[in-house]
Amino acid sequence: MAHDELIPAQDQIYAWIEQVFAQGVRRPGYPADRWAERFCQERLRQLGLENVRAEPVELPYWEPGRCSLTAWPEAAPGDSLTFEGFPLPHATPASGLEGTLAPYDYQAPGPVNGNIALVDVRLGRMPHAALSERATFFYDPDGTLAESAQVLPFGRGAQAVMEPAIEAGAIGFVGTLSDYPSDSRSYYVPYDGIERPIPGLWLSGSDGARLRELLAAGPARVRLVAESVRRPETSYNIVGELPGADEETVIIGSHHDGPWASAVEDGSGIALVLAQAEYWSRVPQSERPHRLIFLINAGHMAGGAGVHAFIAAHEAELAHVVLEIHLEHAANECVEENGVLKPNGLPEARWWFTSLNAELEDAVRDTLRAEGLGRSIILPPDMFGPTPTTDGGPFHAAGVPLVNYLTAPFYLFDEQDTLDKVHKPSLVPVTRAAIRLVEWTAGRSAASMRAGVRPAAAAAAH
């Protein structure tokens, strides 16, 4: 059992988040991300970990510049409106693209050949009751999820928001966030690092409504400015190790970059991995069931470049990984009050993407109960696609047994992800939960874990 006196206190874990957040916007290759790389590396060395290193990751750097949209009726060019926007990451830049504005509806798509598409992107909403139908375990002892719904940080198409309009012949993309809480336009999507062939920008829902009023009165023209810089960059995965009872491994990971200063995404993940490193560095080697690898990877906001690079570089070692525990997003659930996001006192629903291994699922179930981690849902890794939409996903794709803790608040890719969004009461219980799962791997081998994984089609039967 865990040595509670060796677990970092809540204030210590939160202080690490504060330090990371204070550096500013932490996109891949930004100065704040470089600081985070050094901070993580120095902390792992201070804790006495072995083979602490920075492994290079090639990825695209992206930095936004001026961004606005000017619109006017074709019949009255002098009656123009100008809106401030946010460029779609990694889209082709534009310094003044002009064209006719053409509405494009995902539900009733039509051609927009040669025009600038106006697309309303609404966040997805999923009742927690519907999630429970796919879950292998639903733990909500207080019943707080019974009548509620998850507001997802993605709309239809997830990161492929531009593709339908591109295929329909658009020369530019104007995305409006009509139902986005707090009327934000600071939406860092897509973050897959893929360069799109047309320029695009995000407008707030209120600005989008004004633009549609103009368009309702007759044909309109627009001038789109969405400047940005994109170039190759080298970032770094930060890795450290501790010897254990044998040479098979457990990996504990998260990522160090984020879309903004991003306290939750993933300042909290950095802190949760550092908490694991601090705890296990204080535990005798004989009590570590396997060699432990701590991975704080780069480039989550560039298509998961860092975790893909780690897997490629260590492919031959993956067969000896007993379990990968991924820790992302200790988040508050928030509601909008007078245009401002405010925590409502509850943690965001906790998702635990867990490989379909009955013993592992039972271990996660027992852990959630033991640590009182209500509002938790154990989900199959293929719940939303072939793999979880996190940096734990590529490990699952590579056949590595997985437990991926994740919350998905709608503000995850927004600059409103500030320190008040961190659910501080989760920090120690989630840390203890991860410790329990590492301890549970004692006496289990990588081969036996893989042998116990059942096909996805059998998930509902468990």
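In the predicted model, Trp 352 counts as buried, at 3% relative accessibility. Tyr 405 is likewise assigned to the buried class, with a relative accessibility of 1%. The assignment follows in both cases because a residue is called buried when its relative accessible area is under 20%. Trp 352 and Tyr 405 form an aromatic pair, with 4.9 Å from centre to centre and 50° between the planes, and the pair is classed as tilted. Trp 352 belongs to strand S17 (residues 350-354) and Tyr 405 to strand S19 (residues 402-406), so the pair ties together parts of the chain that are 53 residues apart in sequence.

The search of the whole structure gave 21 aromatic pairs. A further one is formed by Phe 310 and Phe 395, whose ring centres lie 6.2 Å apart with an angle of 55° between the planes; this pair, too, is tilted. Distant parts of the chain are linked here, since Phe 310 is in helix H7 (residues 305-313) and Phe 395 in helix H9 (residues 393-397), at a separation of 85 residues. Phe 310 has a relative accessible area of 2% and is buried. For Phe 395 the corresponding value is 0%, and this residue is buried as well. In addition, a cluster linked by ring pairs was found, made up of Phe 173, Tyr 180, Tyr 187, Trp 202, Phe 410 and Tyr 411.

Aromatic rings also have charged side chains over their faces. Arg 27 lies over the face of Trp 260, at 4.5 Å from the ring centre. In another case, the charged end of Arg 231 is placed over the ring of Tyr 61, at 4.0 Å from the centre of that ring.

Pairs of oppositely charged side chains were examined next. Side chains of opposite charge can pair when their charged atoms come close. In the whole structure, 29 salt bridges were found. In the salt bridge between Arg 196 and Asp 192, the closest N and O atoms are 2.7 Å apart. Arg 196 and Asp 192 are both buried. Another salt bridge joins the side chains of Glu 361 and Arg 454, with an N to O distance of 2.6 Å. Glu 361 is located in helix H8 (residues 358-370), whereas Arg 454 is in the segment after helix H11 (446-451), so this salt bridge ties together parts that are 93 residues apart in sequence. Both partners, Glu 361 and Arg 454, are buried.

A salt bridge with partly exposed partners is provided by Arg 369 and Asp 366. The N to O distance between their side chains is 3.9 Å. Both residues are in helix H8, and because they are three residues apart, about one helical turn separates Arg 369 from Asp 366. Arg 369 counts as partly exposed, its relative accessibility being 44%. Asp 366 is also partly exposed, at 47% relative accessibility. Elsewhere, salt bridges that share partners connect Glu 50, Arg 53, Glu 55, Glu 241, Glu 247 and Arg 291 in one network.

Thr 431 was considered as a further buried position. This residue is placed in helix H10 (residues 427-440), and its relative accessible area is 1%. The value is under 20%, so Thr 431 is buried. When neighbours within four places in sequence are set aside, Thr 431 is in contact with Ile 7, Ile 13, Leu 272, Ala 275 and Gln 276.

At the level of the whole chain, eleven helices and 19 strands were assigned. The radius of gyration is 23 Å, which is close to the 23 Å given by the globule rule for 462 residues; the protein chain is therefore as compact as a globular protein of that length. The C-alpha trace spans about 80 × 45 × 40 Å along its principal axes. Of the 462 residues in the protein chain, 60% are buried. Among contacts between residues at least 6 apart in sequence, 83% join residues at least 24 apart. The area exposed by the protein chain is about 16600 Å², of which carbon and sulfur atoms supply 51%.

Terms used. Residues numbered from 1 in each chain as written. Predicted model: local features only at pLDDT ≥ 70, side-chain atom pairs only at ≥ 80, totals over all residues. Heavy atoms only, no water. Helix = DSSP H or I, 4+ residues; strand = E, 2+ residues; numbered from the N terminus. Buried < 20%, exposed > 50% of the residue type's maximum accessible area, 1.4 Å probe, protein only. Contact = heavy atoms within 4.5 Å. Phe/Tyr/Trp six-rings, centres within 6.5 Å; stacked < 30°, edge-to-face > 60°. Lys NZ or Arg CZ within 6 Å of the ring centre and 35° of its normal. Salt bridge = Lys/Arg side-chain N within 4 Å of Asp/Glu carboxyl O. Rg over C-alpha atoms; globule rule 2.2 N^0.38 Å. Areas by Shrake-Rupley, 256 points an atom, 1.4 Å probe, with all protein chains shown as cover.
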